[in-house]
Amino acid sequence: MALSYPPLTVPSSHPLHFLPSSSDPPYDILRTQPSLSLLSNCKTHQSLREIHAQMIKTGLHNTNYALSKLLELCVVSPHFDGLPYAVSVFETIQEPNQLIWNTMLRGHASSSDPVSALELYVRMVSLGHLPNAYTFPFLLKSCAKSKTFEEGRQIHGQVMKLGCDLDRYVHTSLISMYARNGRLEDARKVFDKSSQRDVVSYTALITGYASRGDVRSARKVFDEMSERDVVSWNAMITGYIENGGYEEALEFFKEMMRMNVRPDEGTLVNVVSACAQSGSIELGRQVHSWVDDDHGFGSSLKIANALIDLYSKCGDVDTASGLFERLSYKDVISWNTLIGGYTHKNLYKEALLLFQEMLRSGESPDDVTMLSVLPACAHLGAIDIGRWIHLYIDKKLKSVTNGSALRTSLIDMYAKCGDIEAAQQVFNSMICRSLSSWNAMIFGFAMHGRANAAFDLFSRMRKNGVEPDDITFIGLLSACSHSGLLDLGRHIFKSMTHEYNIAPKLEHYGCMIDLLGHSGLFKEAEEMIQRMPVEPDGVIWCSLLKACKKHGNLELAESFAQKLIKIEPENSGSYVLLSNIYATAGRWEDVARIRAILNGKRLKKVPGCSSIEIDSVVHEFIIGDKLHPQSKEIYGMLEEIDVLLEEAGFVPDTSEVLQEMEEEWKEGALRHHSEKLAIAFGLISTKPGTKLTIVKNLRVCRNCHEATKLISKIYKREIVARDRTRFHHFSDGVCSCCDYW
DNA sequence: ATAGGGTTAG
């Protein structure tokens, strides 16, 4: 934003502090006015309006002093956002005095839109008012917050003209402005030139160095200080945390305790957050019990929220939610912290439930809330809630700073919930796309097997001058691997190193090896494994094992399975896959041998689970489960489906009976795989012709895939199914994956 | 008479 300032002409005798205007009554009379003393206890917007009404009645609102008090309250109150009200009152004041202008500037500078302070300032100056020493800290804060460096420099010029640089508040504000704009040299110059250095200006400089990543210089300034207060210590601790130096931050905390510096709320918040980020749960617990030992912080919401974050990040979700439940007062950050904690730990259902509780409690979600909830919707396929959130964002979160991140999250949610068109609409409506927006859309297309669309988007992205990163290439390569596009995959894989200078990582190799395996090029796949600089993981061996099954390569399968078992001995999948391969080859004694090993190991298996969202409720099914309240109807429907399937000529592939063991291991339940339960439930719960969207945590088995194709034809339903790697769109007897997966 | 600077939870 370019702001032009009217030239300032300063009369030589310009007083820095204005005298009170003659219309203002003497101070002690005002102090006894009841409506003014009420202001100090005013905690709600409603009571503010009442006090204002009272002031109008008594004529008090005609005094600049009383008005400035009212405006100050609006602008600084931590209990409500009174800025809009202050603005409306301000606009009615005919001749605001200096104090009132400054109060309004203060309000705008500390608002979410700090640039508006500069705009107001331009207006003030053009009306002929001059700034005083109190004005500049607000203006400089606005420049610091909005990172408007040029304006900051201009204001510095005006400070010099007015001779305000001798004021220590202005002095520190200048340092802070330059520091937070990354101009440490300028900040240092102001600091060195001044004789007004105190603990506050030193600390501003520390923060400057630290936020630029130069913790060593920050430390040097800290060491130079002759006296330090708790804020200086806090600033150093923050500096270390921001630069990943959690150990040093915690060392600093211990040191300040040794020096008998009493930590304050900020210290503890900082320290707890350092523990959370570094996973130092033991130290975190110590700090927690110290806080509980009545040091006067028991009621600090900030500390409580930091502790909730600590426990949920360190995996102790129960303690976190216990703390949350016991809060007598919760704010949006408390909710966001725990919701985010759940999402972080893959507890998506818990995240959505808590989100719903938050709405019921009357708390308004913000952008951070949505950035935690949308991934949960995406994982669960909860598209109704996702759509609701989309509307909410358009209505209430239009101008938040995270707008682009929110939209990217919406793209991901729609794509993962099966509505790739909605994802595209969000993408196309974006004015400002980040690299992750492009990536999310490319991934969406890849997931839906639409390799062409993914590559078209990639070239559009290049035309827009956006440089791809390693994530982009995972998207493109997985698009290839979902469609079996070996040559294109090879080409892209080469170009990422040669053209874009991006080193392939495990995931990129994984896609290539999957492609090679699928094409039966085992030798080349093994060569790639030899060549790659990273150790192959279970995913890679698993994809090769599947390729062996497809190509009937028993010998290789055995060696791959051994590798897989070595890396992931707890993963039953490798045994199951191998036994299936033996079964296909008719080697029944080997099947029995593997089964015996499996039984002996008592390995945990991941139960297959499918879900379908009906009227905003996500219904989950596991294999053969009869827990659903409409279980009877569902099984009735299943029987009907099986009859119709048989009439349509569907014959279950008996050679694949053991296939079910691969992922849904339970005797003879082939017919009642979880996705079939979800489909049956969908058929009886929706109007004819409604599209059904199923989300499954594992891969679809061949039999279910064949059956679903036929069901889509028999019942004239479009069925969209997401398995753990991709989407299948079933319609009129065919699947979008062309049976390649 | 009245105001302003540095650190602080998701």
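**Figure 1. Residues 229–263 in the predicted model: 74% helix and 0% strand.** The end C-alpha atoms of this span lie 10 Å apart. The model is predicted. A second span, residues 331–365, is 77% helix and 0% strand. Its end C-alpha atoms are 10 Å apart. Both spans appear in an unreviewed UniProt entry under "repeat: PPR". That entry also lists residues 97–131, 167–197, 198–228 and 434–468.

**Figure 2. Chain A as the setting for the close-ups, with 39 helices and 6 strands.** The C-alpha trace spans about 100 × 55 × 55 Å along its principal axes. Chain A has 741 residues, and buried residues make up 52% of them. The salt bridges in the model number 29. Some of these are shown in the views that follow.

**Figure 3. The salt bridge between glutamate 91 and arginine 123.** The two side chains meet at 3.1 Å, N to O. Glutamate 91 sits in helix α5 (residues 83–92), and arginine 123 sits in helix α7 (residues 115–126), so the pair ties together parts that are 32 residues apart in sequence. Glutamate 91 is partly exposed, at 44% relative accessibility. Arginine 123 is also partly exposed, at 35%.

**Figure 4. The salt bridge between arginine 153 and aspartate 186.** The closest N and O atoms are 3.6 Å apart. Helix α9 (residues 149–162) carries arginine 153 and helix α11 (residues 184–193) carries aspartate 186, so this pair ties together parts that are 33 residues apart in sequence. Arginine 153 is partly exposed, with 35% relative accessibility. Aspartate 186 has 14% relative accessibility. Buried means under 20%, so aspartate 186 counts as buried.

**Figure 5. The salt bridge between arginine 407 and aspartate 394.** The closest N and O atoms are 3.0 Å apart. Arginine 407 belongs to helix α24 (residues 403–416) and aspartate 394 to helix α23 (residues 383–396), so the pair ties together parts that are 13 residues apart in sequence. Arginine 407 is buried, with a relative accessible area of 18%. Aspartate 394 is partly exposed, at 29%.

**Figure 6. A salt-bridge network of Glu251, Lys254, Glu255 and Arg258.** Salt bridges that share partners join these residues into one network. Side chains of opposite charge can pair when their charged atoms come close.

**Figure 7. A patch of positive charge on the surface.** Lys141, Lys145, Lys147 and Arg180 gather here. Lysine 145 is found in helix α8 (residues 135–146). The relative accessible area of lysine 145 is 33%, and the residue is partly exposed. Patch residues need over 30% relative accessible area and no salt bridge, so lysine 145 passes the area cut-off at 33%.

**Figure 8. Glutamate 499 in the loop between α29 (486–498) and α30 (506–518).** Glutamate 499 has a relative accessible area of 57%. Exposed means over 50%, so glutamate 499 counts as exposed. Aspartate 366 serves as a reference point for this view. Glutamate 499 and aspartate 366 are 133 residues apart in sequence. In space, the two residues are 41 Å apart, C-alpha to C-alpha.

Definitions and conventions. Residues numbered from 1 in each chain as written. Chains lettered and ligands numbered in written order. Predicted model: local features only at pLDDT ≥ 70, side-chain atom pairs only at ≥ 80, totals over all residues. Heavy atoms only, no water. UniProt positions renumbered as here; feature names shortened; annotations may be inferred. Helix = DSSP H or I, 4+ residues; strand = E, 2+ residues; numbered from the N terminus. Patch = residues over 30% accessible without salt bridge, like charges linked within 9 Å, V, L, I, M, F, W, Y side chains within 5 Å. Areas by Shrake-Rupley, 256 points an atom, 1.4 Å probe, with all protein chains shown as cover. Salt bridge = Lys/Arg side-chain N within 4 Å of Asp/Glu carboxyl O. Lys, Arg positive; Asp, Glu negative; His and termini not counted. Charge placed at Lys NZ, Arg CZ, Asp CG, Glu CD. Buried < 20%, exposed > 50% of the residue type's maximum accessible area, 1.4 Å probe, protein only.
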